[in-house]
Amino acid sequence: ALDWMVVPDTSARGDETAGARRSGVFGDNDAAASSALGGGVEAGRGAAKRVGVLVVAIHNEELARYRAIAAAATLNVHFVEVEIFSAARAVLRQEMEVALVVDVGGHTTKMYLAEHGIVKGTHSINRGSQHISEALARSLALPLSEAEALKRSGALQERMGGRSLDELVPTQIDAIFSEVRRLLIQYQHRSERIVSHAVFIGGGA
């Protein structure tokens, strides 16, 4: 299944945009944007105005699985939405500033950049809260279940004499935040806009 939407141009440089934003990739793909919109929109002296297009795809097997679950629960589902859009709409307002949503799951961390509440790009890494728990268990020589409970209890610093989680498992924490930092720098360099704030969500946040 494939869907696409025209992303409003919020650039201060007029008719220049960053090109097509592919889900999970921040890159320039002007040819894709032009062809998706039938060659672009005429502007000025015959030049084609470039617009940003966010392309989102999902495997048909995944859609079939969700429809089967809904049918088994006797639910009438009119549409299925990709998680990133639901998450962004749930935690962000229609604000003018650029916001970053960091969704920390068990095995993956997903990042969404949104302008005016509209998702402009995404990125994900194969690192999540489960990796932090596993590293903590190794560091403290604890069973995984106990390390997970200790991490969630908020009593870690007290038990470890004031040492914080990022001191105990710096590799796992740094892996997530270095990707967040890289994404912010890359986006701000390309768009010339500042990300005003970040919102952390998910079971591992």
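This text walks through one sheet and one pocket of a predicted model.

Start with the sheet. Four strands build it, and it is open. Their order is β8-β7-β6-β9. The pairing is mixed. Strands of a sheet pair through backbone hydrogen bonds, and they can do so in parallel or antiparallel fashion.

Look next at the edges. β8 spans residues 118-125, and β9 spans 195-201. Each of these two strands has a single partner, so one side of each is left without a neighbour in the sheet. Across the sheet, neighbouring strands are turned against each other by 20° on average, direction ignored.

Now follow one pair of strands. β7 covers residues 109-115. It runs antiparallel to β8, and seven bridges join the two. One contact is easy to find in the model: glutamate 115 has isoleucine 118, in β8, as its bridge partner.

Turn now to the pocket. It is the second largest, with a volume of about 350 Å³. Its lining counts 14 residues. Which of them are the closest to its centre? They are Ile132, Leu165, Ile173, Gly204 and Ala205.

Helices feature in this lining. The elements that give two or more residues are α4 (129-140), α5 (144-153), α7 (165-168) and α8 (170-191). The largest share, three residues, comes from α8.

What classes of residue make up the lining of the second largest pocket? Eight residues are nonpolar, three are polar and three are charged.

Technical notes:
Residues numbered from 1 in each chain as written. Predicted model: local features only at pLDDT ≥ 70, side-chain atom pairs only at ≥ 80, totals over all residues. Heavy atoms only, no water. 1 Å grid on protein atoms, 1.4 Å probe; cavity = no way out; pocket = protein on both sides within 12 Å on 5 of 7 lines; lining within 4 Å. Points joined across faces, edges and corners; volume = space filled by probe spheres on them. Nonpolar A, V, L, I, M, F, W, Y, C, P; charged D, E, K, R; others polar. Pairing = 2+ DSSP bridges. Axes fitted to C-alpha atoms, helices over the stretch in contact; angles between N-to-C directions.
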